[in-house]
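Colleague: Got a minute to go through this one with me? Let's pull it up first.

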Amino acid sequence: MTLDLENLRRDYTKGGLEREQLNENPIEQFKLWMQQTIDAKIPDPNAMTIATVDASGQPSQRIVLLKHLDEKGFVFYTNLQSRKAQELKQNPKISLHFPWYFLERQVKVCGVVESLSAAEVLKYFVTRPRDSQLGAWASHQSRPISSRALLIQQFESMKNKFSKGEIPLPDFWGGFRVKPHQIEFWQGRENRLHDRFEYQLQQNNSWSIERLEP
Ligand SMILES: Cc1cc2nc3c(=O)[nH]c(=O)nc-3n(C[C@H](O)[C@H](O)[C@H](O)COP(=O)(O)O)c2cc1C
């Protein structure tokens, strides 16, 4: 049986985006849109899809949470033995995507990752709930496992191991900072004539801004 979705469509009429409205600095523009997304009470406003590429050129994507953003870049945390981390070790190029289509918007970022220092990772790790810290210890992220029961067993065993005191930072857990060189802001418009603006980092560290055809 085929699945026909041809009639699932809507017009985008919530607003427009003009060059004059844009902040010259895309990080500031991003912070404004993130705040508007938070204010709109959209679930997980900081969820972003990240795309990495393996040695054969095969892309793969998954959602992670943006935990920090400043002039230095976009920060997320993960298991360093996971597929994404292994791929980033070989090829640090990454693309981030914020799917804010509830607001008829999306943001796309292209950049390169650098690893966070252990001190930076620890600073975040200690703020996580204890069970999340144990979860980090319990999972060999991206590896096959024979059953959920085994996963729970691994969790319980970590719970026993670290029953007293603070839970240490696993050496296989860390984070990445994405240093962006291209950021696109997309706002849906009527008749598919959407507004798109692409910021491109210049050699003198300023940003150019261009409107793209939809
Ligand atoms: C809403 C949401 C938030 C997530 N946040 C994270 C995260 O911050 N870090 C992480 O490693 N995985 C996170 N995940 C799980 C990832 O999507 C993914 O399954 C996992 O990191 C393994 O990916 P990989 O095998 O491609 O490396 C999240 C998933 C969802 C749906």
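Colleague: Phe30, then: buried or exposed?
Modeller: Buried, with a relative accessible area of 1%. Bear in mind this is a predicted model.

Colleague: What does Phe30 pair with?
Modeller: Among the 16 aromatic pairs found in the whole structure, one joins Phe30 and Phe98. Their ring centres are 4.8 Å apart and the planes sit at 65°, so the pair is edge-to-face.

Colleague: Which parts does that tie together?
Modeller: Phe30 is in helix α1, residues 26-39, and Phe98 is in strand β5, residues 93-98, so the pair ties together parts 68 residues apart in sequence. Phe98 is buried too, at 0%.

Colleague: What about Trp33 and Phe185, how are those rings arranged?
Modeller: Edge-to-face, 5.3 Å centre to centre, with 90° between the planes. Trp33 is in helix α1 and Phe185 in strand β7, residues 173-187. That is a link across 152 residues.

Colleague: Where does Arg105 lie?
Modeller: Over the face of Trp33, 3.9 Å from the ring centre. Trp33 itself is buried, at 2% relative accessible area.

Colleague: Back to Phe30. Which residues form a cluster with it?
Modeller: Phe74, Phe98 and Trp100 form one aromatic cluster with Phe30.

Colleague: Switching topic. How many helices and strands in the chain?
Modeller: 5 helices and 9 strands. The pattern opens α-β-β-β-β-α and ends β-β-β.

Colleague: And how much of the chain is buried?
Modeller: 40% of the 214 residues. As for contacts with a separation of 6 or more, 64% come from residues 24 or more positions apart.

Note on methods. Residues are numbered from 1 along each chain as its sequence is written. This is a predicted model: local features need pLDDT of at least 70, side-chain atom pairs count only at pLDDT 80 or more; totals for chains, interfaces and linings use all residues. Side-chain values use heavy atoms; hydrogens and water are left out. Helices (H or I, at least four residues) and strands (E, at least two) are DSSP runs, numbered from the N terminus. Buried means under 20% relative accessible area, exposed over 50%, partly exposed in between (1.4 Å probe, protein chains only). Contact means heavy atoms within 4.5 Å. Rings of Phe, Tyr and Trp (its six-membered ring) pair if their centres lie within 6.5 Å; planes under 30 degrees apart count as stacked, over 60 as edge-to-face and the rest as tilted. A charge sits over a ring if NZ of Lys or CZ of Arg is within 6 Å of the ring centre and within 35 degrees of the ring normal.
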